[in-house]
Amino acid sequence: MFGSINHTSSVTNSLFSRQFLHPPLQDHAGIKPFFGGRRSHTATSFSNDVDQLPTEAPLQQELNFPGGKVKFMPKRIFTSGSNEERTNCYRVLNENGELIVDSDSLKISKELGVKMYKDMVTLQVMDTIFYEAQRQGRVSFYLTTIGEEAINIASAAALDNNDFVFPQYREPGVLLWRGFTLQEFANQLFGNKYDYGKGRQMPIHYGSKKHNYVTVSSTVATQIPQAVGAAYSMKMQKQDSCTITYFGDGGSSTGDFHAGLNFSAVMEVPVIFFCRNNGWAISTPISDQFRSDGIVVRGKAYGVPSIRVDGNDALAIYSAVYEARKMAIEKQTPVLIEALTYRAGHHSTSDDSTKYRPVDEIEWWRDDQNPVKWFKTWIENKGWWSDQAESEQRSSVRKQLSQAIQAAERVEKPPVADMFNDVYDVPPKNLNEQEVILRENIKKHAQEYPSNVAV
Amino acid sequence: MASIFQGIGAATSLSSSASFDTKKLQFSSVRSLSGKRASCVVMRSGGVKMDSDSNRIGGRGDQLVTNAVATKADNPASSTASKPGHELLLFEALREGLEEEMERDARVCVMGEDVGHYGGSYKVTKGLAQKYGDLRVLDTPIAENSFTGMGIGAAMMGLRPIIEGMNMGFLLLAFNQISNNCGMLHYTSGGQFKIPVVIRGPGGVGRQLGAEHSQRLESYFQSIPGIQMVACSTPYNAKGLMKAAIRSDNPVILFEHVLLYNLKERIPDEEYVLNLEEAEMVRPGEHVTILTYSRMRYHVMQAAKTLVNKGYDPEVIDIRSLKPFDLYTIGNSIKKTHRVLIVEECMRTGGIGASLTAAITENFHDYLDAPIMCLSSQDVPTPYAGTLEEWTVVQPPQIVAAVEQLCR
């Protein structure tokens with residue numbers, strides 16, 4: 001009977017679809033009294049019901065808003081700007097290089113583990129030697145990846161060669177993993193005629209189509225929406241691959257980060273957003289960059305599944321990226337990974353980070369938390385590596401590097417014609433004219449122009 | 001003045017939300033121009049259907065002086081086109097070109113705000129999402145820099161996206177991606193990655209759309225190396241340029257004009273693609289070369305009517321290609337007339353007219369009998385008030401006065 005009104009039952013009224021903003025037409029007064037089990041009522045019954053409604057409890061307990069039902073609350077409760085506890089960090093190796101007891105780390109083969117370690121060592125040695133070459137004036141600029149070797153190599157190892165990489169600039173290790181040779185790196189640094197970029201970009205702006213690694217662009221975070229677009233292309237062409245894009249804590253403040261994540265979630269495309277939270281954006285510490293709990297919490301804001309990993313634990317990164325890739329492709333969803341690490345080197349050769357951060361902080365991260373050393377402990381414990389192998393690897397890489405640098409230094413620079421090619425598919429008339437003018441100038445004033453550039 | 005203006009203005013009144021009722025806007029004065037379009041085929045190269053009448057352009061010189069628009073006499077004579085052609089409005093021509101290319105190449109896709117189910121704010125993409133699915137005609141959230149970046153990323157992976165800016169002015173937000181990545185990546189990657197995108201949208205001064213929606217972005221983009229810019233002005237060239245832009249491997253910015261979307265014209269039934277780098281000879285003449293593009297073409301042609309009545313014979317060229325300029329066509333014209341007037345909608349400072357003046361001075365200085373005159377908008381934000389807005393745009397009487405001064 002109409003007398004038995006039960007307001008305490010929680011009702012989910014399945015009559016109304018999720019998209020309704022307004023109550024359905026059969027409701028006369030515009031309010032929807034929710035009664036246990038009752039779905040609709042006639043005009044006469046409605047007026048009878050109104051007399052018997054108590055006035056304290058709200059008649060409507062939730063709002064059908066696009067996107068889902070939203071419950072009401074009668075008290076002003078503001079969600080705090082941050083959680084009590086920070087988001088947990090995925091780590092599988094302990095400080096002694098042993099797998100943590102109930103970790104779900106993926107098993108990797110000896111071959112894979114040794115290649116990962118060798119590449120981390122190569123990256124470390126490469127950074128040291130190229131940095132010194134810049135200090136000696138042989139290379140004009142360099143950026144090291146010191147402290148982030150695990151991120152570079154382990155994430156690359158978990159991907160497939162068909163996955164497209166949109167790097168920021170601190171990820172040469174991904175190229176290294178895919179087979180870019182030390183000579184190819186050196187050629188780009190020296191901008192000689194064998195550089196795939198034809199000498200047009202500054203050092204460390206590597207790019208290689210055959211390795212599916214897009215040319216580095218100096219602008220911060222512009223690669224994020226591009227990675228989303230490329231993932232969209234893969235989704236359209238139904239390819240069994242994903243894209244991955246890397247950026248730092250600083251890059252996460254840009255507008256492109258926001259829109260890239262937002263779009264990727266709306267379009268449901270297979271892209272992995274890999275944030276290298278290394279604590280510093282040149283001289284800006286993360287306390288000046290954002291007040292959120294790092295970047296991982298932002299994933300939820302956009303509807304992107306996310307995880308925080310220890311950026312110095314190569315195995316954790318490998319497992320996380322492997323799983324992320326699987327998720328991205330099978331479920332056609334973006335994934336956000338935040339790796340906590342430290343930029344143990346300076347921002348670049350144009351920076352001296354001791355000016356704005358304490359030396360002991362740098363040293364602690366560079367020595368105690370060194371990802372290369374940490375992974376070495378693990379593979380040594382497995383019996384896959386030895387001190388002898390270590391010194392052999394390091395000296396072999398050093399030798400190759402010095403040969404590569406010497407060879408690259410001697411090679412000619414790209415010819416003048418390469419200044420005007422590739423601006424368009426075919427050089428237009430005005431560029432042809434400008435080239436002619438330049439050549440005339442070079443001929444007339446040969447002593448003003450470098451002699452090691454082919455005309 | 002007001003009456004001359006009426007012919008162009010009243011017929012194309014629009015509201016800023018711009019969903020047009022196609023029935024009410026008949027641009028009758030353009031119809032006569034359109035007849036000329038079908039017969040006077042300017043596309044001298046680039047795989048376009050040629051009419052045998054085209055070589056009569058020079059020969060009709062005497063006839064043309066008496067009629068500024070020079071088409072009515074031609075219409076009955078021009079029947080070399082085998083099919084009758086079909087009439088449509090400019091935005092429909094754009095859509096037709098877009099649809100034909102999407103049909104032809106499965107990699108062509110569209111992205112922009114409200115392009116999908118809504119069909120685009122100016123209806124250029126109407127019906128395409130229903131036909132090709134909403135992944136291929138993609139509605140994006142409001143972040144121009146980012147969806148332009150997305151288009152660039154997709155292009156690097158082999159797709160051929162068309163990125164629509166709801167209004168060209170919004171593409172200012174995308175300047176970073178357009179300048180730093182779109183224009184540069186083919187070059188800086190050593191030719192490894194190409195960016196065959198088309199960036200298009202309506203720009204120019206509309207009917208009281210306010211300063212922010214009355215931008216002329218061609219002036220800002222013209223310096224960016226690596227991109228091409230074209231401006232369409234008739235349904236015929238709109239469709240042809242759209243198709244050419246999509247097929248080009250370079251990034252192309254296609255400038256449309258808010259007030260020209262409802263121009264009606266009869267275009268060929270056969271497929272045609274125009275040359276992106278060619279200018280269009282609108283009206284051959286002997287006394288003065290008038291260079292213009294987009295909406296100003298119509299103001300110039302209105303002025304031409306008056307000029308012809310006063311005994312002048314202006315040669316009107318729609319430059320169409322804003323980057324690079326078609327200096328071949330322009331140069332030949334200057335060598336003939338020795339006087340140049342540029343009529344543009346850009347602001348005076350740093351506009352297309354400024355670059356064109358420099359290019360002409362550098363290349364054809366010896367052929368000039370008078371300094372180059374350039375009529376542009378003033379360096380002010382476009383006011384909202386209708387009368388003030390009218391005064392910022394070059395009007396036919398100013399053009400007439402300029403020609404009279406040039407030809408003194």
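Which residue of S4(A) is the bridge partner of Val165(A)? In this predicted model, that partner is Ile244(A). The pair belongs to the link between S3(A) and strand S4, residues 243-248 of chain A, two strands that run parallel and are joined by three bridges.

These two strands are part of a wider arrangement. Chain A has an open sheet of five strands in the order S3-S4-S5-S9-S8, and its pairing is parallel. The edges are taken by strand S3 (164-166) and strand S8 (306-310); each has a single partner strand, so one side of each is left without a neighbour in the sheet. On average, and with direction ignored, neighbouring strands of this sheet are turned by 20° against each other.

A second site to look at is Arg200(A). This residue sits in the loop between helix H5 (182-190) and helix H6 (223-236) of chain A. Arg200(A) has a relative accessible area of 13%; the cut-off for buried is under 20%, and Arg200(A) therefore counts as buried.

What surrounds Arg200(A) comes from both chains A and B, once neighbours within four places in sequence are left aside. On the chain A side, the residues in contact with Arg200(A) are Asp195(A), Asp418(A), Asn421(A) and Asp422(A). On the chain B side they are His186(B), Tyr187(B), Thr188(B), Gly190(B) and Gly191(B). For Tyr187(B), the side chain of Arg200(A) reaches the backbone oxygen at 2.9 Å.

Within chain A, Arg200(A) can also be placed relative to Met419(A): the two are 219 residues apart along the chain, while their C-alpha atoms are separated by 7.9 Å.

Terms used:
Residues are numbered from 1 along each chain as its sequence is written. Chains are lettered from A and ligands numbered from 1 in the order in which they are written. This is a predicted model: local features need pLDDT of at least 70, side-chain atom pairs count only at pLDDT 80 or more; totals for chains, interfaces and linings use all residues. Side-chain values use heavy atoms; hydrogens and water are left out. Helices (H or I, at least four residues) and strands (E, at least two) are DSSP runs, numbered from the N terminus. Buried means under 20% relative accessible area, exposed over 50%, partly exposed in between (1.4 Å probe, protein chains only). Contact means heavy atoms within 4.5 Å. A polar contact is a pair of N or O atoms within 3.5 Å; within protein, one must be able to donate a hydrogen and the other to accept it, and residues adjacent in sequence count only if both atoms are side-chain atoms. Two strands pair if DSSP finds at least two bridges between them. Axes are lines fitted to C-alpha atoms, for helices over the stretch in contact, and angles run from 0 to 180 degrees between N-to-C directions.
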